Amino acid sequence: MATNNNDSRPSRSYGNANNERHSSSNRNYNVERRPQREDGNYRPSYEENYNRNYESNPNSPEGSRKRRPRVGERVSSGAHGGGGERNYNAYGNAPGRPRNAQPVNQGPKKLVKKKKIFKQIKYKENADPTAPIRLNKYLANAGVCSRREADEFIQAGVVKVNGEVVTELGTKITRADEVMFNDQVVSLESKVYVLLNKPKGFVTTTDDPENRKTVMDLVKAACKERIYPVGRLDRATTGVLLLTNDGDLASKLTHPKYEKRKIYQVWLDKPVAMEHMQAIADGIELEDGEIHADAISYVTEEDLSQIGIEIHSGKNRVVRRIFEKLGYRVLKLDRVYFAGLTKKNLSRGKWRYLSEKEVNMLRMGAFD
């Protein structure tokens, strides 16, 4: 008897796009199939292996959640068949690797530089305690104020010498006298000498009304004493700058009659003609008088736009004005020498204390 295949075969149903693409009548959704090994023992399913790995690694991104990865889902790299992160020991080795294995190279370690601590130098004082000194200069050397401000305080009657109020300008005292300012005893500060390699963008002043960056911001950790720049470098000029509270030395280094040497390296917008080099050596007439260089030369023969110029004048912006007078534009200006001091081994924006030998040479005027 012929059988009807349609009646004897279990019917298949094809769902829509929201259902599984292929449904099987042989799948039992209530009883989980457990695969068997060939020897008849139970073999864990892929899903159980996957969940076991997640349970053993609570730090994995999925936590202890048990589920089977969906198609196309990315699983963290690890052992085949497992998920989550692998644990590594201190040598960067995965568990199970021999202990004597070479450490994994994890890149260079970031070195933390220790902040260099400068020990302030105590310089020897050779001043005569009985030598007369003007009262305003004494106050300025003590770091109270400038000489001009000291005259105003003296006239205001806030300065006493040996218990007596002094209001007369030009009064001279000795270092042995007791001086009081606003009823506070004033004593002379220790001398400090700081050499700075000035960077671009800082003004050479102790205080700026426009709140621009000043060179004092760079040396504020140098000392507690009140120091100030010796001479000026404009905001765009870089190089050697001395700061001190030694007023006598500062006057010797900046007064025109002492003719202290200054050497600059100049970068210009175009090569400098030989006739202009000779004109600068012979003398250039500026709006405030004639000025000439003590020496001038090209820095290299390959680049005629770099000039080295030696000059002793302390006029404002004198080097820039010399070249602007001849039709050149100064791109960069760096002072490499000042009264015997150089910026050797001193990077831009850094400072150091002068040595005792350097201070003695400056005091004696040994540097031209």
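**Aromatic pairs**

The structure, a predicted model, holds two aromatic pairs. Begin by selecting Phe153 and Phe181, which form an edge-to-face pair with 5.0 Å from centre to centre and 70° between the planes. Phe153 belongs to helix H4 (residues 147–156) and Phe181 to strand S5 (residues 179–181), so this pair ties together parts that are 28 residues apart in sequence. With the surface displayed, note that Phe153 is partly exposed, at 30% relative accessibility, whereas Phe181 is buried, at 16%.

Next, select Trp351 and Tyr353. Their ring centres are 5.2 Å apart and their planes stand at 80°, so this pair is edge-to-face. Is Trp351 buried or exposed? Trp351 is buried, with a relative accessible area of 11%; Tyr353 is buried as well, at 9%.

**Charges over rings**

Display Tyr337 together with Arg261: Arg261 lies over the face of the Tyr337 ring, 4.9 Å from the ring centre. Then move to Trp267, where Lys332 is placed over the ring face at 4.6 Å from the centre.

**Salt bridges**

The count of salt bridges comes to 12. Select Asp248 and Lys137, whose side chains meet in a salt bridge with an N to O distance of 2.2 Å. Asp248 lies in helix H5 (residues 247–254) and Lys137 in helix H3 (residues 135–141), so the pair ties together parts that are 111 residues apart in sequence. Asp248 counts as partly exposed, at 34% relative accessibility, while Lys137 counts as buried, at 17%.

Now centre the view on Asp334. Which residues meet the side chain of Asp334 in salt bridges? One is Lys343, at 2.3 Å from N to O; another is Arg348, at 3.3 Å from N to O. The pair of Arg348 and Asp334 links distant parts of the chain, 14 residues apart: Arg348 is in the loop between strand S16 (341–342) and strand S17 (351–353), and Asp334 is in strand S15 (residues 330–338). Asp334 is buried, at 3% relative accessibility, whereas Arg348 is partly exposed, with a relative accessible area of 35%.

To end this part, select Asp208, Glu210 and Arg212, which are joined into one network by salt bridges that share partners.

**Helix H7**

Select residues 318–325, which make up helix H7. Why is this helix described as largely enclosed by the rest of the structure? Six of its eight residues are buried, and it is therefore largely enclosed. The buried residues are Val318, Val319, Arg320, Arg321, Ile322 and Phe323. Continue along the chain past H7 to Gly327, which has a positive phi, near 90°.

**Arg232**

Finally, select Arg232, in the loop between strand S8 (228–229) and strand S9 (238–244). Arg232 is exposed, with a relative accessible area of 63%. What does Arg232 touch, leaving aside residues up to four places away in sequence? Its contacts are Thr204 and Thr205. Zoom in on Thr204: the side chain of Arg232 reaches the backbone oxygen of this residue at 3.1 Å. As a last step, draw a distance between the C-alpha atoms of Arg232 and Gly314; these two residues are 82 residues apart along the chain, and the C-alpha atoms are separated by 8.7 Å.

How values were computed:
Residues are numbered from 1 along each chain as its sequence is written. Side-chain values use heavy atoms; hydrogens and water are left out. Helices (H or I, at least four residues) and strands (E, at least two) are DSSP runs, numbered from the N terminus. Buried means under 20% relative accessible area, exposed over 50%, partly exposed in between (1.4 Å probe, protein chains only). Contact means heavy atoms within 4.5 Å. A polar contact is a pair of N or O atoms within 3.5 Å; within protein, one must be able to donate a hydrogen and the other to accept it, and residues adjacent in sequence count only if both atoms are side-chain atoms. Rings of Phe, Tyr and Trp (its six-membered ring) pair if their centres lie within 6.5 Å; planes under 30 degrees apart count as stacked, over 60 as edge-to-face and the rest as tilted. A charge sits over a ring if NZ of Lys or CZ of Arg is within 6 Å of the ring centre and within 35 degrees of the ring normal. A salt bridge is a side-chain nitrogen of Lys or Arg within 4 Å of a carboxyl oxygen of Asp or Glu.
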